[in-house]
Each structure stands twice: as structure tokens, then as C-alpha cells.
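The following account leads the reader through one protein chain, from its cysteines to its helix packing and its nonpolar core. Please keep the sequence and the coordinates at hand while reading.

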Amino acid sequence: DLLTILTIIEDTQEKLRMKSIELLDVMNEIEETIESIDDSLERCILRARYLQCKKWEQICVELNYSWRQIHRLHSNILKKIA
């Protein structure tokens with residue numbers, strides 16, 4: 001019936017709202033971690049990948065680095081912050 005459907009919709013909306021809040025918290029943690037890094041190139045790589053959701057190829061082109069260089073840098077960054 002209509003009441004059941006409305007209840008399901010409201011429950012789903014609340015779940016989505018809670019997930020959105022969780023996602024924002026995670027994104028804030030990621031941003032804080034990125035901000036703690038001294039090197040601006042390293043910050044740029046992490047922001048592009050994890051906050052802007054860019055593909056590796058796009059990051060390579062934008063920063064004028066090879067795929068191998070970007071992955072080496074990324075690996076080194078992760079070792080630093082782990």
C-alpha cells in the first residue's frame with residue numbers, strides 16, 4: 001500500500017543521508033592526510049587520484065610524467081603515509 005511505499009522511501013532517504021555523511025567524513029580524512037604532506041607534487045597526485053577521481057593516464061598527461069614515474073611516486077607517497 002501507499003503507506004508502506006512512503007515508509008520505504010523515507011527509510012532509504014535516511015540511509016542515503018547517513019552514507020553521505022560517512023562519505024564526507026572519509027573525504028575530510030583524506031584531505032587532511034594529503035594536506036599533511038610537504039611536497040606539492042605529491043599532494044597534487046593524491047588529490048587528483050583520490051579526491052578528483054582522475055585516471056592514472058590523465059594524471060600523467062596533466063603533470064607531464066610517465067605512467068611509470070607517477071606510479072613510482074605514488075608508491076613512495078603511500079609508504080610515507082602508511
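**Cysteines, helix packing and the core**

At 33% relative accessibility, C44 counts as partly exposed. The model under discussion is a predicted one, and this value, like those that follow, is to be read accordingly. C44 takes part in no disulfide, since the nearest cysteine sulfur, which belongs to C60, lies 12 Å away. A second cysteine, C53, is exposed, with a relative accessible area of 62%. The closest cysteine sulfur to that of C53 is the one in C44, at 14 Å, and this is too far for a bond. In general, a disulfide is a covalent bond between the sulfur atoms of two cysteines. With a cut-off of 2.5 Å between the sulfur atoms, the count of disulfides comes to zero.

C53 also merits attention for its backbone. The residue is placed in the loop between α2 and α3, and its phi is near 55 degrees, a positive value in a residue other than glycine. Most residues other than glycine have a negative phi. Another residue with a positive phi is N64, which is not a glycine and has a value of about 60 degrees. N64 is found in the loop between α3 and α4 and, at 71% relative accessibility, counts as exposed.

The loop between α2 and α3 also holds Q52. At 47% relative accessibility, Q52 counts as partly exposed. The C-alpha atom of Q52 is separated by 36 Å from that of I5, and the two residues are 47 positions apart along the chain. A further long-range separation involves T33, a residue of helix α1, which spans residues 2-35. T33 is partly exposed, with a relative accessible area of 35%. Between the C-alpha atoms of T33 and Y65 the separation is 23 Å, with their positions 32 residues apart along the chain.

The packing of the helices comes next. Two packed helices are described by the angle between their axes and the distance between the axes. Helix α2, residues 40-51, packs with α4 at an angle of about 95 degrees, and the axes are 10 Å apart. Because an angle of 65 to 115 degrees counts as roughly perpendicular, α2 is roughly perpendicular to α4. On the α2 side the contact is made by L41, E42, I45, L46 and Y50, and on the α4 side by I70, L73, H74, I77, L78 and K80. These residues divide into eight nonpolar, one polar and two charged.

Helix α3, residues 56-63, likewise packs with α4, residues 67-81, here at an angle of about 100 degrees and with the axes 9 Å apart. This angle makes α3 roughly perpendicular to α4. From α3, the residues W56, E57, I59, C60 and L63 enter the contact, where they meet W67, I70, H71 and H74 of α4. The division in this contact is six nonpolar, two polar and one charged.

Which residues does H74 touch, leaving aside those up to four places away in sequence? They are L46, Y50 and W56. H74 belongs to helix α4 and takes part in the contact of α4 with α2 as well as in the contact with α3. Its relative accessible area is 9%, so H74 is buried.

A charged residue of the interface between α2 and α4 can be treated in a similar way. E42 lies in helix α2 and, at 9% relative accessibility, counts as buried. Beyond residues up to four places away in sequence, E42 touches I37, I77 and K80.

The nonpolar core draws several of these residues together. In soluble globular proteins, nonpolar side chains tend to be buried together. The largest nonpolar core here has eleven residues in all: I34, I37, I45, L46, A48, W56, I59, C60, I70, L73 and I77. Helices α2, α3 and α4 each supply at least two residues of this core. L46 is one of the core residues and, with residues up to four places away in sequence not counted, touches I34, I37, L51, H74 and I77. C60, whose sulfur is the nearest cysteine sulfur to that of C44, is also part of this core.

Methods: Residues numbered from 1 in each chain as written. Predicted model: local features only at pLDDT ≥ 70, side-chain atom pairs only at ≥ 80, totals over all residues. Heavy atoms only, no water. Axes fitted to C-alpha atoms, helices over the stretch in contact; angles between N-to-C directions. Helix = DSSP H or I, 4+ residues; strand = E, 2+ residues; numbered from the N terminus. Parallel < 35°, antiparallel > 145°, perpendicular 65-115°, else oblique. Contact = heavy atoms within 4.5 Å. Nonpolar A, V, L, I, M, F, W, Y, C, P; charged D, E, K, R; others polar. Buried < 20%, exposed > 50% of the residue type's maximum accessible area, 1.4 Å probe, protein only. Core = buried A, V, L, I, M, F, W, Y, C linked by side-chain atoms within 4.5 Å.
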